[in-house]
Amino acid sequence: MTMDRDPMTTLRDWLDDRAATAGSSEASFRETMRLVRHTPQGRRARILQAMRGHTGRESSRPAFQVGAVAIVVASAGLALAMALGWSASGDREPHGEPASPSPIPTEATAEPALPSIDRSLHTAETLDDGSVLLIGGAADSAPSLQRFDPTTGRLSDTGELTMPRSEHASVLLGDGRVLIVGGYGTDGSRPVAEWFDPATGTSTADAGIDLAMTRPTASLLDDGRILRPAPLNSSSR
Amino acid sequence: VNVELVERARTGDADAFEELARPLYPRLRRVAFSIVGEVSMAEDAIQQAMLDVWRGLPGLRDPERFESYCYRVLTNACHSEGRRRQRWTRPLPHLGHETEATDEVRVVNDQDQLERGFRRLSLEHRTVIVLHYYADMTHEQMADAIGVPVGTVRSRLHRAMAALRAALDAAERPDLTGSERREVAP
């Protein structure tokens, strides 16, 4: 050991100097927090906070928590939880008759009033503004596109898909649009893909995208491409 | 530690968690780097650690222990990352000592020897040295951060320093190969 100074001082100085070469942590911190917010806990918290008027406090009502967990477990959890009757009483509204929108109380102990929705085999996407887009599925007289705003508790009709579909897949893209692919049409047909633009509220069919699969999945990759599985019994993809 | 922030973070408040983690993060990251020795590994370790802390917060009984909890999760993440990559015994190039020993060269040689010697240590030994001599933790704080009794911390630190001295001596001998690169017994 060739350290001429006090060895412990040399060791401390060396560790300090060495640690300093790790560089700035700001970018690392931002990336880490982005990952944290994208965990199921982070996503759940965002939705719950919005629904509680940003009180930042957890409700102690079990039914509420069960509903919240449902949001996280499935990508369509919010709509599904509501469709299953996510309310204190457990009452369900008839098909196509969403309850009157009710503003959400901001008191920490208040139960958020949520509209009931009877919709199944649909998908849901959380849009950039925090609202939840309910897409397709079996919803009787309700339009094929509805938007739920957790800050107000309001459910609004947003328009129609270019063709009815259920058991499809949807993916929110980086530019804010939603790509909807595959599934079944009402007559058993296989509808072509379409784009929905929340900014304009319009849907546009796109026969150029060959994703006419039933019960597909679609995931947005970091580079903007969309990953979907090849169909079973297919050797062409 | 801001107990209210910890409580909020425990309920899933990511903003509170960010506020808690921000002042700790730079030091935690430097500790991770000091243990694993490479920026990319340190990044992986601290990101995994922060995610584990976030997920594990609801189970943290004493909010006052948030910081030591972070260190404990971080050291575990560093060890996991280190074992996963299995690059601990990679020898650094020997700079040689034939050059005239001016002060500047001696500093370089000292640092080179320390780096070579430090890399020969086990993860557990690196960890206690970093926590004690870089993070300035007491034995009690280290015990809390590592999750072992204080007596174990003392003996581990003693053995770690002995191993470092032996490793530094070994590092002066160039071109060790095979089993000789493994941690040198004190």
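**Note on the predicted two-chain model**

1. In the predicted model, Ala193(A) has Asp206(A) as its bridge partner in strand β8 of chain A. Ala193(A) is therefore a convenient point of entry to strand β7 of chain A, which covers residues 193–197 and has four of its five residues buried, where buried means under 20% relative accessible area.

2. Strand β7(A) has a partner on each of two strands. With strand β8 (residues 202–206) of chain A, β7(A) shares five bridges, and the two run antiparallel. With strand β6 (residues 178–181) of chain A, β7(A) shares three bridges, again in an antiparallel arrangement. In this second pairing, Trp195(A) of β7(A) has Leu179(A) opposite.

3. The connection from β7(A) to β8(A) is a hairpin in which four residues lie between the strands. One residue of that turn, Gly201(A), has a positive phi of about 75°.

4. Strand β7(A) also takes part in a salt bridge. Glu194(A) pairs with Arg165(A), and the closest N and O atoms are 2.8 Å apart. Arg165(A) belongs to the loop between β4 (154–159) and β5 (169–172) of chain A, whereas Glu194(A) belongs to β7, so this pair ties together parts that are 29 residues apart in sequence. Arg165(A) and Glu194(A) are both buried.

5. The following values describe chain A as a whole. Its secondary structure amounts to five helices and ten strands, and 42% of its 237 residues count as buried. When contacts between residues at least 6 apart in sequence are considered, 43% of those in chain A join residues at least 24 apart. Chain A exposes about 11900 Å², and carbon and sulfur atoms supply 51% of that area.

6. Where do the two chains meet, and how much area do they bury between them? The area buried between chain A and chain B is about 3600 Å², with 58% of it on carbon and sulfur atoms. On the side of chain A, 36 residues are in contact, and they touch 43 residues of chain B. Nine residue pairs are in polar contact across this interface, counting pairs with both residues at pLDDT 80 or more. The elements of chain A that give two or more residues to the side touching chain B are α1 (7–20), α2 (26–37) and α3 (40–51). Of these, α1(A) gives the most, with ten residues.

7. Charged pairs form part of the same topic. Side chains of opposite charge can pair when their charged atoms come close. Five salt bridges are found across the interface of chain A and chain B, and the search of the whole structure finds 18 over all chains. One pair, Glu26(A) and Arg22(B), meets through its side chains in a salt bridge of 3.2 Å, N to O.

8. Within chain B, Glu43(B) deserves a separate point. Glu43(B) is placed in helix α3 (residues 39–56) of chain B. Is this residue buried or exposed? Glu43(B) has a relative accessible area of 17%, and because buried means under 20%, the residue counts as buried. Apart from neighbours within four places in sequence, Glu43(B) is in contact with Ser28(A), Tyr25(B) and Arg29(B).

9. The contact of Glu43(B) with Arg29(B) is a salt bridge, and its closest N and O atoms are 2.7 Å apart. Arg29(B) lies in helix α2 (residues 14–36) of chain B and Glu43(B) in helix α3, so the pair ties together parts that are 14 residues apart in sequence. Glu43(B) and Arg29(B) are both buried. The side chains of these two residues are also joined by a polar contact of 2.7 Å.

10. A further salt bridge in chain B joins the side chains of Glu115(B) and Arg119(B), at 3.0 Å from N to O. Helix α5 (residues 103–119) of chain B holds both residues, which are four residues apart, about one turn of the helix. Arg119(B) is buried, with a relative accessible area of 12%, and Glu115(B) is buried as well, with 16%. Elsewhere, salt bridges that share partners join Glu26(A), Arg30(A), Arg37(A), Asp15(B), Glu18(B) and Arg22(B) into one network.

11. A last point concerns the backbone of chain B. Asp136(B) is not a glycine, yet it has a positive phi of about 55°. Asp136(B) is located in the loop between α6 (123–134) and α7 (139–146) of chain B.

Terms used
Residues are numbered from 1 along each chain as its sequence is written. Chains are lettered from A and ligands numbered from 1 in the order in which they are written. This is a predicted model: local features need pLDDT of at least 70, side-chain atom pairs count only at pLDDT 80 or more; totals for chains, interfaces and linings use all residues. Side-chain values use heavy atoms; hydrogens and water are left out. Buried means under 20% relative accessible area, exposed over 50%, partly exposed in between (1.4 Å probe, protein chains only). Two strands pair if DSSP finds at least two bridges between them. Contact means heavy atoms within 4.5 Å. Accessible areas come from the Shrake-Rupley method with a 1.4 Å probe; for residues, only the protein chains shown count as cover. Buried area is the accessible area (1.4 Å probe) that two parts lose on being put together, summed over both. A salt bridge is a side-chain nitrogen of Lys or Arg within 4 Å of a carboxyl oxygen of Asp or Glu. A polar contact is a pair of N or O atoms within 3.5 Å; within protein, one must be able to donate a hydrogen and the other to accept it, and residues adjacent in sequence count only if both atoms are side-chain atoms.
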